[in-house]
Amino acid sequence: MKRIGIVSLVLGFLALGLLPRTVSAQANVVKIDIPFAFMVQDTKLRAGTYQITKVKEWSYRISNLKGDQKVLFATEATTSPTQVKSFTLEFNVYGDQCYLSKFFHQGKTDGFMIPQTAAEKALAQKGPATTKTVIGKTT
C-alpha cells in the first residue's frame with residue numbers, strides 16, 4: 001500500500017512538471033552570430049544574432065533576437081565525417097547568395113540538412129557551391 005502511494009506521488013509530480021526532466025528545453029535552443037545575409041529556404045535573413053529552436057522532431061525555427069525575422073523549416077538527416085566540436089552551421093555559397101544547408105550539434109556526427117529550394121537548385125546547376133561554416137553555442 002505504501003508503494004502505491006509513492007508511485008502515485010511521483011506520477012503526480014511528473015504530471016505537474018515538478019521533477020527534473022532528462023532533456024532540458026534549453027538543449028533545443030542554440031544562439032549563433034551570423035555575420036552575413038543568408039537564405040533559409042526562400043526567405044532572406046540579414047546578418048545578426050539568431051536562435052535556432054527545435055519545434056518538433058524534424059522541424060526547426062530560426063529567428064533573430066529582435067523577433068522581426070523568423071523562418072520555420074523542415075530538415076532531413078545527414079552526417080558529418082567527423083564529430084563536430086561546437087554547434088556548426090554550414091552554408092552553400094553561390095556568388096553572393098548564401099543558403100543555410102546543414103547544421104550539427106556539438107559532439108555529434110548526425111546532423112540536419114535543409115532541402116534545396118528550386119532557386120538554390122538553379123544556382124547549383126550554374127556551378128558548384130563553396131561552403132561557409134559558422135560556429136555557435138548552446139544557450
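Mentor: Before we start, buried means under 20% relative accessible area, exposed over 50% and partly exposed in between, with a 1.4 Å probe and protein chains only. This is a predicted model, where local features need pLDDT of at least 70, side-chain atom pairs count only at pLDDT 80 or more, and totals for chains, interfaces and linings use all residues. Residues are numbered from 1 along each chain as its sequence is written, and side-chain values use heavy atoms, leaving out hydrogens and water.

Trainee: Is Leu100 buried or exposed?

Mentor: Happy to help! Leu100 is found in strand E9, residues 97-104 (strands are DSSP runs of E, at least two residues, numbered from the N terminus). Its relative accessibility is 2%, so Leu100 counts as buried.

Trainee: Which side chain joins that of Gln69 in a polar contact of 3.1 Å?

Mentor: Gln69 is found in the loop between strand E5 (59-64) and strand E6 (70-74). A polar contact is a pair of N or O atoms within 3.5 Å; within protein, one must be able to donate a hydrogen and the other to accept it, and residues adjacent in sequence count only if both atoms are side-chain atoms. The partner at 3.1 Å is the side chain of Tyr50.

Trainee: How are the rings of Phe73 and Phe103 arranged?

Mentor: Rings of Phe, Tyr and Trp (its six-membered ring) pair if their centres lie within 6.5 Å; planes under 30 degrees apart count as stacked, over 60 as edge-to-face and the rest as tilted. By this rule there are 11 aromatic pairs. One of them is Phe36 with Phe91, at 5.0 Å centre to centre and 80° between the planes. For Phe73 and Phe103, the centres are 6.3 Å apart and the planes at 85°, so the pair is edge-to-face.

Definitions and conventions:
Helices (H or I, at least four residues) and strands (E, at least two) are DSSP runs, numbered from the N terminus.
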